[in-house]
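Student: I have a model open and would like to learn how to read its side-chain packing. Could you walk me through it?

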Amino acid sequence: MKELVTGEAVALELRPAKLPSRGLAVLLDLAAAVTVYILVTLGLVAATASLDEAARTAVSIATFVLVLVGGPILVETLTHGRSLGKLACGLRVVRDDGGPIRFRHALVRGLLGVIEILMTFGVVACVASLVSARGRRLGDVFAGTLVVRERVPAGGQGGFVPPPPPWLAGRFSGLDLSAVPDGLWLAVRQYLTRMRQLDPQVGWSMAERLASDVAGRTGAPVPPGVPPAMYLAAVLQERQAREAQRMFGGGGAPVAPAPSGAGGPVLAPPAGPAASVSPAAPPVVPPVAPLVPPAGSEAAGNAGPSGGASAERPATGFVPPA
């Protein structure tokens with residue numbers, strides 16, 4: 001199992017698929033593709049009986065390319081990495097950062113798969129998978145993808161990326177995220193899914209370092225008063241929203257995550273160093289527009305003239321560093 005080891009020697013593991021399960025998935029995919037190819041070929045033989053030999057040969061080559069090469073590419077693109085064999089084996093093709101693949105990833109994997117799997121009967125793919133630390137064949141290496149296991153034992157909150165608080169939703173819509181590499185997104189995703197399992201001091205320093213790296217790549221500093229774990233969750237959600245809009249279309253703004261009471265874990269950043277925050281100091285409130293309750297409501301009557309942003313800001317589930 002490949003592990004991402006942080007500077008504090010904390011291992012955040014991936015779950016790459018092993019060679020036997022990948023081989024079984026490939027065999028199932030090939031069986032389905034060959035079955036379709038035979039059926040299509042039988043239909044074309046009857047339909048092209050009146051053509052000459054050269055025309056029938058051209059039709060046969062085109063059928064082979066479209067069914068055995070274009071078919072897997074189309075299936076992986078439409079299913080975002082879940083082909084028939086991978087779905088049966090509980091596998092999925094993802095990008096190096098854990099995100100869904102797109103057409104260009106499936107295209108590179110499919111074209112190199114002709115050489116690795118079809119022309120060499122899978123010998124090159126097996127050798128490449130055994131040599132690679134994460135079991136990747138050449139198509140995965142050049143496409144920047146990884147085959148991972150989806151059906152794994154549930155372990156606490158592992159695999160769940162906590163959403164940011166509602167008052168941070170859409171705040172980073174103007175950031176340029178194109179310069180952030182996939183490896184850094186992977187580190188951010190893994191930290192957020194497993195930050196509850198880390199030592200508080202180690203988790204806080206990891207969040208600060210990751211937030212600093214992301215801010216350096218985007219060219220915009222972390223807003224004052226926003227804890228690093230909140231910042232990472234909000235930026236990651238912004239990237240996922242852009243990926244969804246690019247993949248599925250739709251120009252609407254990303255929907256704010258549901259409050260913590262609606263189900264699902266609440267994002268709570270690890271406590272920072274005890275000396276960095278005074279126990280009596282109130283939590284720093286980021287400069288966001290306060291929520292004004294409707295006139296005549298009980299909340300408006302209780303706010304009073306001295307009710308500041310801390311009294312009107314919605315609860316987020318975060319706790320200030322201890």
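Tutor: Happy to; we will go through the aromatic pairs, then the nonpolar cores, then one threonine. Keep in mind that this is a predicted model.

Student: Let's start with the rings. How many aromatic pairs does the structure hold?

Tutor: There are 2 aromatic pairs. To read such a pair, look at the ring centres and at the angle between the planes, where over 60 degrees counts as edge-to-face. Y37 and F64 have ring centres 6.1 Å apart and planes at 85°, so this pair is edge-to-face.

Student: Where in the chain do Y37 and F64 sit?

Tutor: Y37 belongs to helix α1 (residues 19–47) and F64 to helix α2 (residues 53–79). They are 27 residues apart, and the pair links distant parts of the chain.

Student: Is Y37 buried or partly exposed?

Tutor: Burial means under 20% relative accessible area. Y37 has 22% relative accessibility, so Y37 counts as partly exposed. F64, with a relative accessible area of 33%, is partly exposed too.

Student: And what is the geometry of the pair formed by F172 and Y231?

Tutor: Their centres are 5.3 Å apart with 90° between the planes, and the pair is edge-to-face. F172 lies in the loop between β4 (145–149) and α7 (182–194), while Y231 is in helix α9 (residues 228–248), so the pair ties together parts that are 59 residues apart in sequence. Both F172 and Y231 are buried.

Student: Now the cores. Which residues touch the most other members in the largest nonpolar core?

Tutor: For a core, ask which members touch many others and which elements supply them. The largest nonpolar core has 29 residues, and those touching the most other members are Y191, L192, Y231, L232 and V235. Two or more residues come from each of α7, α8 (200–218) and α9, and α9 gives the most, with 8 residues. Y231 thus appears twice in our tour: in an aromatic pair and in this core.

Student: What does the second core include?

Tutor: That separate core has 10 residues, among them L91, I101, A106 and V114.

Student: Last stop, the threonine. Is T77 buried or exposed?

Tutor: T77, in helix α2, is buried, with a relative accessible area of 17%. For a buried polar side chain, look for its polar partners as well as its packing neighbours. A polar atom of the T77 side chain lies 2.8 Å from the backbone oxygen of I73.

Student: Which residues does T77 contact beyond its neighbours within four places in sequence?

Tutor: T77 is in contact with F103 and A106, and A106 is one of the residues in the second core.

Technical notes
Residues are numbered from 1 along each chain as its sequence is written. This is a predicted model: local features need pLDDT of at least 70, side-chain atom pairs count only at pLDDT 80 or more; totals for chains, interfaces and linings use all residues. Side-chain values use heavy atoms; hydrogens and water are left out. Rings of Phe, Tyr and Trp (its six-membered ring) pair if their centres lie within 6.5 Å; planes under 30 degrees apart count as stacked, over 60 as edge-to-face and the rest as tilted. Helices (H or I, at least four residues) and strands (E, at least two) are DSSP runs, numbered from the N terminus. Buried means under 20% relative accessible area, exposed over 50%, partly exposed in between (1.4 Å probe, protein chains only). A nonpolar core is a set of buried Ala, Val, Leu, Ile, Met, Phe, Trp, Tyr and Cys residues joined through side-chain atoms within 4.5 Å. A polar contact is a pair of N or O atoms within 3.5 Å; within protein, one must be able to donate a hydrogen and the other to accept it, and residues adjacent in sequence count only if both atoms are side-chain atoms. Contact means heavy atoms within 4.5 Å.
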